[in-house]
Amino acid sequence: GKDTLIVDLGAGYVKIGSASESEPRQVINSVTKAKHVKTRVFVGNELDECKDLSGLYYQLPFQKGYLLNWELQKQVLDHCLKPYADKRPLSEWQVIVTEPCINFSPVAEALDEVLFEEYGFKAVARLPAAFLAAQRDQRQRGVLPADHACLVLDCGYSFSHAAAYRRGRLVPGSVRRVNVGGKVLTNYLKEAISYRQLMVMDETHVMNQCKEDACFVSENFDADLAAMSRAAQRSPLDSEAQERCQKLCCEYVLPDYAQHRRGFVRQLGSQKQQQQEQTLRLGIERVATPELLFRPSDAGIPEMGVAEALCDTLSGLPPHEQPLYTDAVVLAGGSCRFAGFANRLETELRASLPDDFPLGVRCHGDPAAQAWLGGRDLALSPDGALECYAVSRKDYRDHGAALCSERFAQFT
Amino acid sequence: MVDAGVSSRLRETRRLVLDEAARQRRHRRALEALEADNFQADPHADLRVSKLAPKFSDEASSFGPSRDALGGVAASADGKKSRKAKAAGGSGAVGTLGGRLRRNFAALLEEELARRAQLPGASASGSAATPYELAQVGPSRLPPRHFCAVCGLLGPHTCVVCGTRFCSASCYSTHQDTRCLKWTG
């Protein structure tokens, strides 16, 4: 019902909102320290109050994708929940909270305990984010639960997961994890720029924004590379290669916190460099960074990319059912937001799948919000579907943590 | 030789060539750097808590990073160090949740492995792999690409000394002059 809060607890951002809202608020999941502000820390989006966003130091409750530090997480959650707790005491709210595809019992139990005992929610449903994205897909496309099958690709901050869902349940053994996410991409970009142009290793916040603003997924990375290499050697370029180079080369104007709080992309030669400006020259980095999602080996990470991982998941499914899954490859997670991502994924999958398999890469809006929207759809679903997933505070008190692991375990 | 024009004194000191083990170590450190949440040290680490600040718990550690003025815990980039800075802060109960919550991902994984080993039938089946390990994808079927460390384009050639890739003679001389064995990421 409407008295449900949906909290998509991610390592990078918390996506939070009530079921009566149409989209979640994104709150950075960090207690951040600023170089020049020694009297306070910035919890979550309090960072907006910080004047100088250079040299920020993040304290993240998550480690390697798992919620381990509750001292930090409680601060961020308190900050996120305040507007809702002010409207109505938390004991009158139900909450849907997310966990990774594959969780550890101490982490899961700690989350249940904090939600029931520290916050005192009326009822809790702890569900994997990928599961909620699958729910979202099923409802958006109007498929009957019994007929639904999909593959979910959830690319987050710490890692990316491919998983298969059938009839609303995770197919056991179908989860594949690629250890590349937003964090690795930002670090890769930081290193590339620091090595080649300007020392930005301390500027995670700024370079993260640069990544979001300037990077995109190439539909043909090798062609981009070849075009840029020929341009670097001053060889003559055909029109296609010229187009590629023009699309890639740009300037990124760094924020100065006097006039601009956020950097921006500027086409080469469109404006003369202002006096106080610091700019970066970007080229192949714009596509090489997100390319890591498809080819982690570009950075020396000995893993297959997300497209291969989806195929790996698929290969474990019954052959006669595989076409059902390929028809719905659902994108979720902030790292799927790159322009050209869906297109590239489709190209890679199409090349690896048999011709007669239908292929449908499904993006039902902002990938970062898909899990949250799935949770909201679940909360508002007229058939009361949330009931079978939620555990009430009374039941938690009477039956303890064991009930939670049993009730929620059907999804992991 | 690309080295022509470099003094013989410099040539002498640069005879060091990294062996495979050293290269692997550098590679591993590079991969760890990719996983870091922060590159720099805690900017508030040098703050001293005033003696007048209220002490919330006896667990306030006398060693390790100091707390900032609001009693926040300085979590460092290295997960191992944060164990020492385990001050309880305001609500001690939430911090450790009865000690059940592992502060460190490595410890979490270890505990899960130990738990699996104790399950009945684990010894019979040999290796009791956790779902977490089973989900880990294997290496790609595609051959890895190598990029020039200096310009980011394709890097077919390798530096003899440190194994870094480069694309052309000009990028190689840039690498030798400024980066070879000097970049520590």
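Contact here means heavy atoms within 4.5 Å. With that in hand, the interface between domain 1 and domain 3 of chain A in this predicted model comes down to eleven residues of domain 1 touching nine residues of domain 3. The whole of chain A splits three ways: domain 1 (4-131 + 368-409), domain 2 (134-180 + 294-366) and domain 3 (182-292).

Sticking with domains 1 and 3 of chain A for a moment, their C-alpha centres sit 34 Å apart. Together the two domains bury about 800 Å², with 46% of that on carbon and sulfur atoms. Salt bridges don't feature between domain 1 and domain 3 of chain A, where the count is zero. Polar contacts do turn up, though: five residue pairs, both partners at pLDDT 80 or more, link domain 1 of chain A with domain 3 of chain A.

Turning to the interior, the largest nonpolar core has 79 residues, and the members touching the most others are A:Leu9, A:Ile96, A:Phe121 and A:Tyr165. Helix α1 (residues 70-87) of chain A is the top contributor to this core, putting in seven residues. The core also takes at least three residues from each of domain 1 (4-131 + 368-409) and domain 2 (134-180 + 294-366) of chain A.

As for A:Phe121, once neighbours within four places in sequence are set aside, its contacts are A:Leu5, A:Leu81, A:Leu90, A:Trp93, A:Gln94, A:Val95, A:Leu115, A:Phe116 and A:Arg393. There is a second, separate core as well, made up of 62 residues, among them A:Ile28, A:Leu185, A:Met207 and A:Ala309.

Conventions
Residues numbered from 1 in each chain as written. Chains lettered and ligands numbered in written order. Predicted model: local features only at pLDDT ≥ 70, side-chain atom pairs only at ≥ 80, totals over all residues. Heavy atoms only, no water. Core = buried A, V, L, I, M, F, W, Y, C linked by side-chain atoms within 4.5 Å. Buried < 20%, exposed > 50% of the residue type's maximum accessible area, 1.4 Å probe, protein only. Helix = DSSP H or I, 4+ residues; strand = E, 2+ residues; numbered from the N terminus. Domains from an automatic or database assignment. Buried area = accessible area lost by both parts, 1.4 Å probe. Salt bridge = Lys/Arg side-chain N within 4 Å of Asp/Glu carboxyl O. Polar contact = N/O pair within 3.5 Å; in protein donor to acceptor, adjacent residues only side chain to side chain.
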